[in-house]
Amino acid sequence: MREEYVYFPRPERETHFYIELSGITYQDTSYLIQRENPPILVAEYVLSGEGTIVLNGKQYHVKAGDLYLLPPGMDQLYYSDKENPWEKIWFNAQGTLVNSMLREYNPQKLVVFPGADGREYMERIQEIGRNDQYSAAEKHRKAALVFHELMQYLYDWSHMQDEMYGKETLLVKNYLDSHLTQNVPLKTLAEMVYLSESQVVRIFKRDVGKTPHEYSLDLKLEQARTLLRNTRQRVREISDSLGFCDEHYFSYIFKKKCGMTPLEYRSIGD
């Protein structure tokens, strides 16, 4: 695993915020980090490639241009895609200010901020760490201000995303995102937003560009590709985990959408 580190000196006395470590991770297909209940916040911006995050058992896929936050106190596992390994810039932070900022600026407890350009903030923190003219206390104080700016930016960004969709579409989209392994009936979505089934389809397609079924299927196939590349799960196991009725139907849909069978796709990545 090839990484370049930017070191921050430990604070001489107790402080509300400090950077434990910062750096850049370069492309490496073997990259994998696992932590149990760590006290640190992990903030990372993906420069290129893609990877997978598992936070308290919930899985997320990230790619170039995405920023993600892994809060302290939650089991963390994240690894690079074997076919398209990521390169990322990051920092780890501790202190009471971390939890306060997360509580105030990320009430939705978002983990991945797709398309949120946080590179500037990461680079500014690293510039502070490299500046030998600053004392240890100054470095952490200046980094805390940049962290505050980053959290404010992400707060504004998340609200802008909410405004991209109507309220009903956002509710349906969030529900489908969080029920990836289930086959959510259209009736359930309609009852949730107090609309007819035809209205849900029409409004969702207007805002997202595809029907709820198409959107959910695309999510499942994206997850299937990740599992085929990064695990040795059998096709049947992947099919079952993603809620397909059987592996034959899964393989049929996969080939129709991806142009090859699941096993052919896996063999390309080996």
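In the predicted model, T52 is part of strand β5, which spans residues 50-55. Its relative accessibility is 2%, so T52 counts as buried, the cut-off being under 20%. Leaving aside residues up to four places away in sequence, T52 touches Q59, Y60 and H61, the residues L77, Y78 and Y79, and also W86, T226 and N230.

The protein as a whole contains 10 helices and 10 strands. Its C-alpha atoms fill a box of roughly 60 × 45 × 25 Å along the principal axes. The radius of gyration is 21 Å, which agrees with the value near 18 Å for a compact globule of 270 residues. Of these 270 residues, 46% count as buried. The exposed area of the protein is about 14,300 Å², and carbon and sulfur atoms supply 48% of this area. Among contacts with a separation of 6 or more, 69% are between residues 24 or more positions apart.

The largest nonpolar core is made up of 32 residues. Those with the most contacts inside this core are F17, I19, L67, L69, F91, M151 and L154. Two or more residues each come from the strands β2 (18-25), β4 (41-48), β7 (67-70) and β9 (87-94), and from the helices α1 (96-105), α2 (119-130) and α3 (136-164). The element that gives the most is α3, with eight residues. M151, one of the residues with the most contacts inside the core, touches L69, M101, L102, Y105 and N106 when residues up to four places away in sequence are not counted.

Three of these partners of M151, namely M101, L102 and Y105, are buried residues of α1, as is V98. The four residues cover an arc of only 100° around the axis and therefore lie on the same side of α1. T96, R103 and E104, on the other side of this helix, are exposed.

The loop between α1 and β10 (112-113) contains K109. The phi of K109 is near 55°, which is a positive value in a residue other than glycine. K109 has a relative accessible area of 70% and is therefore exposed, the cut-off being over 50%. A second residue of this kind is Y194, which is not a glycine but has a positive phi of about 60°. Y194 is placed in the loop between α5 and α6. With 75% relative accessibility, Y194 also counts as exposed.

Helix α6 covers residues 197-208 and has 12 residues. From the first C-alpha to the last, α6 reaches 16 Å, close to the 16 Å expected at 1.5 Å a residue. V200, I203 and F204 are the buried residues reported for this helix. Viewed down the axis of α6, the buried residues fall within an arc of 100°, so they line one face of the helix. The cover over these buried residues includes α4 (167-178), α5 (186-193) and α7 (212-230). On the other side of α6, the residues S198, R202 and R206 are exposed. Just after the helix, G209 takes a positive phi of about 95°.

Conventions: Residues numbered from 1 in each chain as written. Predicted model: local features only at pLDDT ≥ 70, side-chain atom pairs only at ≥ 80, totals over all residues. Heavy atoms only, no water. Core = buried A, V, L, I, M, F, W, Y, C linked by side-chain atoms within 4.5 Å. Buried < 20%, exposed > 50% of the residue type's maximum accessible area, 1.4 Å probe, protein only. Contact = heavy atoms within 4.5 Å. Expected span 1.5 Å × (residues − 1). Arc of directions from axis to C-beta. Rg over C-alpha atoms; globule rule 2.2 N^0.38 Å. Areas by Shrake-Rupley, 256 points an atom, 1.4 Å probe, with all protein chains shown as cover.
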